[in-house]
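Got your viewer open? Let's take a short walk, one selection at a time.

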Amino acid sequence: MVYALCIVAQPYRAFTPGEIWKDNKGIHINAHGGGILLENHTYYWFGEHKTEGREGNKANVGVHVYSSTDLYNWKDEGIALKVEPEGSDSPIEKGCILERPKVIYNAKTRKYVMWFHLEPKGKGYAGAMIGIASADHVTGPYRFIRMTRGNPQTWPVNVLELHKKSLTAEQREERSNLKSNEHPDSVNTLGRDFEKGQHSRDMTLFVDDDGKAYQIRSAESNSVIHISELTDDFLDFSGKYVRAFVGRRMEAPAIFKKDGLYYFMGSGCTGWRPNEARSAVAPSIWGPWTELGNPCVDEGKELTYRSQSTYILPVAGKKDAFIYMGDRWTSDNAIDGRYIWLPIEFEDNRFIIHWYDEWKLSRF
Ligand code: DGJ
């Protein structure tokens, strides 16, 4: 009985961004850089399971999944994708970097498909790889399938002739040392990575109304966003992709659709430290994308209310209702990271995000 009294934090009846958010066991939710899949009136929240300290930013456990029917109260459903033991030499060996997992459901194969940013152990962020896993049940267990780069040996639909020019050894060397402030086309990172595939660091997945799925990634040394169509089974690239926001250096991509328009949200590149968010709109996922500026409008807007986007969640059963999901990273003690969930509002043909200490779904 005493135990029951101690653990009861639920039911929650409102969102309180930035506060400790306890699951059904009374433990702060551990699903960072996450995304949500809705199935049978239940939301499944997948995210990075972090551990204590700075080392806790690495994948020591795997991808955690929680379920909820009301979005306020979350039940721990366990580890959906487990990392492999140390020394196993698996790409998802304990201690690798596994970030921003997203899960989508493929109706044709009846599989749940997970994509995530994967950096093999001990190599920092140099790999810029993707991990793909799948499962028969939404909560897993997910089976790791493979590690890849983005769209190997494939040019994007808007490739320029300069990208296709072969590189001399000297140019190769020069291009491997891209300075962060250089325009990507001045050093042709696209051509540099053509053979082994494009960089893919921060990423998300988006499924359109017609069932087609897309991977959206920070590519070309984080200088450009690539939007890639997936195959019908969602396990590979179809071969069609586009470069967007060339030279804008963005991370943390998130996409949603309203009234036939595609909206994008992302951040600048400042590691775990927050920065000013970006937003954009397009009539097609292929663009053209028009930037709409920082969607945050209240005090703290310059740092996205000390958060970074990870996903924008359509709320089921409510028209034009979307939730901004952001991470407030605490990189020195990764497990303490907080969640900044705020309603998306629309004003003058753009979306905006106000700060609320506390808010409810009835706001929609
Ligand atoms: C910012 C990214 O958005 C995070 O997912 C993570 O990769 C950090 N950088 C690492 O510094």
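Start with the ligand and select the residues around it, those with a heavy atom within 4 Å: Glu-99, Arg-100, Tyr-125, Asp-202, Glu-251, Gly-271, Trp-272 and Gln-308. Before you go on: this is a predicted model, where local features need pLDDT of at least 70, side-chain atom pairs count only at pLDDT 80 or more, and totals for chains, interfaces and linings use all residues. Residues are numbered from 1 along each chain as its sequence is written, and side-chain values use heavy atoms, with hydrogens and water left out.

Color that shell by class and you'll get 2 nonpolar, 2 polar and 4 charged residues.

Now zoom in on the polar contacts (here, pairs of N or O atoms within 3.5 Å). Pick Arg-100: an N or O atom of its side chain is 2.8 Å from an oxygen atom of the ligand. At Gln-308, a polar side-chain atom lies 3.0 Å from a ligand oxygen. Gly-271 uses a backbone N or O atom, 3.4 Å from a nitrogen atom of the ligand. How much of the ligand does the protein bury? Of the 290 Å² that the ligand exposes when taken alone, 91% is buried (Shrake-Rupley method, 1.4 Å probe).

Next stop, the largest cavity. A cavity is a set of points on a 1 Å grid over the protein atoms alone where a 1.4 Å probe fits but cannot get out; lining residues have an atom within 4 Å of a point. Select Tyr-12, Ala-14, Phe-15, Thr-16, Pro-17, Glu-19, Ile-20, Trp-21, Tyr-339 and Trp-341 to see the lining. This cavity has a volume of about 90 Å³, and its lining divides into 8 nonpolar, 1 polar and 1 charged.

How values were computed: A polar contact is a pair of N or O atoms within 3.5 Å; within protein, one must be able to donate a hydrogen and the other to accept it, and residues adjacent in sequence count only if both atoms are side-chain atoms. Ala, Val, Leu, Ile, Met, Phe, Trp, Tyr, Cys and Pro count as nonpolar, Asp, Glu, Lys and Arg as charged, and the others, Gly among them, as polar. On a 1 Å grid over the protein atoms alone, a cavity is a set of points where a 1.4 Å probe fits but cannot get out, and a pocket is an open set with protein on both sides within 12 Å along at least five of seven lines; lining residues have an atom within 4 Å of a point. Grid points are joined across faces, edges and corners, and a volume is the space filled by probe spheres set on the points.
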